[in-house]
Amino acid sequence: MSHNGPVTSSQLGSAPADAVLAAAVELAREAALAVGAGTVGEYLGAYGEGDRLLTHTFATTQPGYAGWHWAVTLARAPRAKVPTVDEIVLLPGDSALLAPQWVPWHERLQAGDLGPGDLLPGTPDDPRLVPGYVQSDDPAVEEVAFELGIGRERVMSREGRLDAAERWHDGDFGPDSSMARQAPAHCGTCGFLLPLAGSLRAGFGVCGNEITPADGHVVSVEYGCGAHSQAQVSIPPLSERSGALYDDGDELSPG
């Protein structure tokens, strides 16, 4: 039976519709039923995809697939009067519910996700790491050091160091924290600061004061707390004594 309704156009294709293929709605429906069984719903329309190539679409009644549709592509050989089924697929529409875009596991991990016993293998293309020999002006020196077991195969790249610096600067021990804003002085002038080595030395160090919440943590030199090594407390002078002192009601002369 041929379909007498209008043939619609879709954004998926703009080629002109083939009259023979456009009339073969029932052939397309039978093909969809052979795959989708009882989940093939009402006819939605058709669109041309090329020369003698057209796709018929049917709504799907399959639970959990709202907004999806069956797409049956028909083809016709040159001068042939009988179309053939080329492809049958279930496709999402503009309003279809889709699974979230896949994100690789190493991109899904967040700070603090690693627990005791967890293993986090590195990735060869991690932008935060570079070959260890870039630390030296003489690659031969690094090669020998690595062979002797006293070198590191990879070290942090400039990008990795900048990322770490930004994270530490914006963290709990950076200059914008509430503790730092009320501190009498910065960590950069504190005797308890243990500066980092390398290019981060000027900006960060490790706090060595066990009294502070920052003890053992990387702190910005602009961070600060009330336990600065140079902190001093101003003690107000004692008030002047009165002319007489009393002890249990007995008047005493000041000595």
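**Exercise 1. Which residues lie nearest the centre of the largest cavity?**

Solution. This is a predicted model: local features need pLDDT of at least 70, side-chain atom pairs count only at pLDDT 80 or more, and totals for chains, interfaces and linings use all residues. Residues are numbered from 1 along each chain as its sequence is written, and side-chain values use heavy atoms, leaving out hydrogens and water.

Step 1. Search the whole structure. One cavity of 30 Å³ or more turns up. A cavity is a set of points, on a 1 Å grid over the protein atoms alone, where a 1.4 Å probe fits but cannot get out.

Step 2. Take its volume. The largest cavity holds about 90 Å³ of space. Volume here is the space filled by probe spheres set on the points, with grid points joined across faces, edges and corners.

Step 3. List the lining, meaning residues with an atom within 4 Å of a point. There are 13 lining residues, and C187, C190, F192, C207 and C225 lie nearest the centre.

**Exercise 2. Describe strand β3 and its partners.**

Solution. Step 1. Check burial, which means under 20% relative accessible area (1.4 Å probe, protein chains only). In β3 (residues 68-75), eight of eight residues are buried. Strands are DSSP runs of E, at least two residues, numbered from the N terminus.

Step 2. Sort the side chains. W68, W70, V72 and L74 point one way, while H69, A71, T73 and A75 point the other way. In a regular strand the side chains alternate between the two faces of the sheet.

Step 3. Find the partners. Two strands pair if DSSP finds at least two bridges between them. β2 (residues 53-60) pairs with β3 in the antiparallel sense over seven bridges; T55 has T73 as its bridge partner in β3. β3 also pairs antiparallel with β4 (residues 84-92), over eight bridges. There, W70 is matched with L90 of β4.

**Exercise 3. Place R76 in its surroundings.**

Solution. Step 1. R76 sits in the loop between β3 and β4. R76 is buried, at a relative accessible area of 17%.

Step 2. A polar atom of the R76 side chain lies 2.8 Å from the backbone oxygen of A80.

Step 3. Beyond neighbours within four places in sequence, R76 is in contact (heavy atoms within 4.5 Å) with D18, V20, L21, R52 and V82.

**Exercise 4. Work out the edges of the sheet β7-β8-β9.**

Solution. Step 1. The sheet is open, with three strands in the order β7-β8-β9 and antiparallel pairing.

Step 2. β7 (193-195) and β9 (218-220) each have a single partner strand, so one side of each lacks a neighbour in the sheet.

Step 3. β8 (residues 204-207) pairs with β9 over three bridges. G205 has V219 of β9 as its bridge partner.

Terms used:
Helices (H or I, at least four residues) and strands (E, at least two) are DSSP runs, numbered from the N terminus. Buried means under 20% relative accessible area, exposed over 50%, partly exposed in between (1.4 Å probe, protein chains only). A polar contact is a pair of N or O atoms within 3.5 Å; within protein, one must be able to donate a hydrogen and the other to accept it, and residues adjacent in sequence count only if both atoms are side-chain atoms. On a 1 Å grid over the protein atoms alone, a cavity is a set of points where a 1.4 Å probe fits but cannot get out, and a pocket is an open set with protein on both sides within 12 Å along at least five of seven lines; lining residues have an atom within 4 Å of a point.
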